[in-house]
Amino acid sequence: MGWVAGIIAAVALAAGLWWYVKRARRLSAANDARHDFQRDLLLDLQDIRDRAESELAPCMDELIDIARYDTPASNEKTAELDAQIAAEARRLAESPTVVAAESLRTKLVSRNRRAKH
């Protein structure tokens with residue numbers, strides 16, 4: 001009868017490990033998706049900064065710092081704002097101006113404030 005208990009324990013262990021691995025993968029994918037916005041925004045802003053004229057450079061440096069240090073992970077409160085900010089970043093890339101950078105900064109600061117609370 002000892003071998004039956006061993007088989008039951010082995011099956012229980014295998015089931016537990018399977019559940020744990022499945023859950024860990026799901027959580028990892030969810031965390032990756034939550035951080036995609038920050039990573040993509042930072043890369044876009046750095047690309048814009050590389051092409052920026054001298055008067056736009058300080059604005060871009062500030063935006064990069066906000067994206068790098070102050071932007072929390074996305075959540076359900078930020079989904080709509082994330083889309084708006086991504087569109088605003090595309091407009092900034094197409095037409096890099098100080099006014100466009102300031103508009104993006106305002107939206108990004110507002111989004112970050114909402115994400116933290």
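1. Helices here are DSSP runs of at least four residues, numbered from the N terminus. The model is predicted. On that assignment, Thr71 falls in the loop that runs between helix H2 (57-70) and helix H3 (79-94).

2. Although Thr71 sits in a loop, its relative accessibility is 6%, so Thr71 counts as buried. The cut-off for that label is under 20% relative accessible area.

3. The side chain of Thr71 has two polar partners worth checking in the model. A polar atom of this side chain lies 3.0 Å from the backbone oxygen of Ile66. The Thr71 side chain also makes a polar contact, at 3.3 Å, with the side chain of Asn112.

4. Leaving aside residues up to four places away in sequence, Thr71 touches Phe37, Gln38, Ile66, Leu108, Arg111 and Asn112. Ile66 and Asn112 therefore appear both in this contact list and as polar partners of the Thr71 side chain, given that contact means heavy atoms within 4.5 Å.

5. Seven salt bridges are found when the whole structure is searched. One of them pairs the side chains of Arg105 and Glu62, with an N to O distance of 2.7 Å. This pair links distant parts of the chain: Arg105 belongs to helix H4 (residues 98-116) and Glu62 to helix H2, 43 residues apart. Both ends are partly exposed, Arg105 at 27% relative accessibility and Glu62 with a relative accessible area of 32%.

6. Within helix H3, the side chains of Arg91 and Glu88 meet in a salt bridge of 2.8 Å, N to O. The two residues are three apart in that helix, so about one helical turn separates them. Their accessibility labels should be noted separately: Arg91 is partly exposed, with a relative accessible area of 45%, whereas Glu88 is buried, at 8%.

7. Glu88 also forms a salt bridge with Lys107, where the closest N and O atoms are 3.3 Å apart. This pair again links distant parts of the chain, with Glu88 in helix H3 and Lys107 in helix H4, 19 residues apart. Lys107 has 31% relative accessibility and so counts as partly exposed. Glu88 thus has a salt bridge to Arg91 and another to Lys107.

8. A further group should be mentioned. Asp36, Arg39 and Asp40 are joined into one network by salt bridges that share partners.

Conventions:
Residues numbered from 1 in each chain as written. Predicted model: local features only at pLDDT ≥ 70, side-chain atom pairs only at ≥ 80, totals over all residues. Heavy atoms only, no water. Buried < 20%, exposed > 50% of the residue type's maximum accessible area, 1.4 Å probe, protein only. Polar contact = N/O pair within 3.5 Å; in protein donor to acceptor, adjacent residues only side chain to side chain. Salt bridge = Lys/Arg side-chain N within 4 Å of Asp/Glu carboxyl O.
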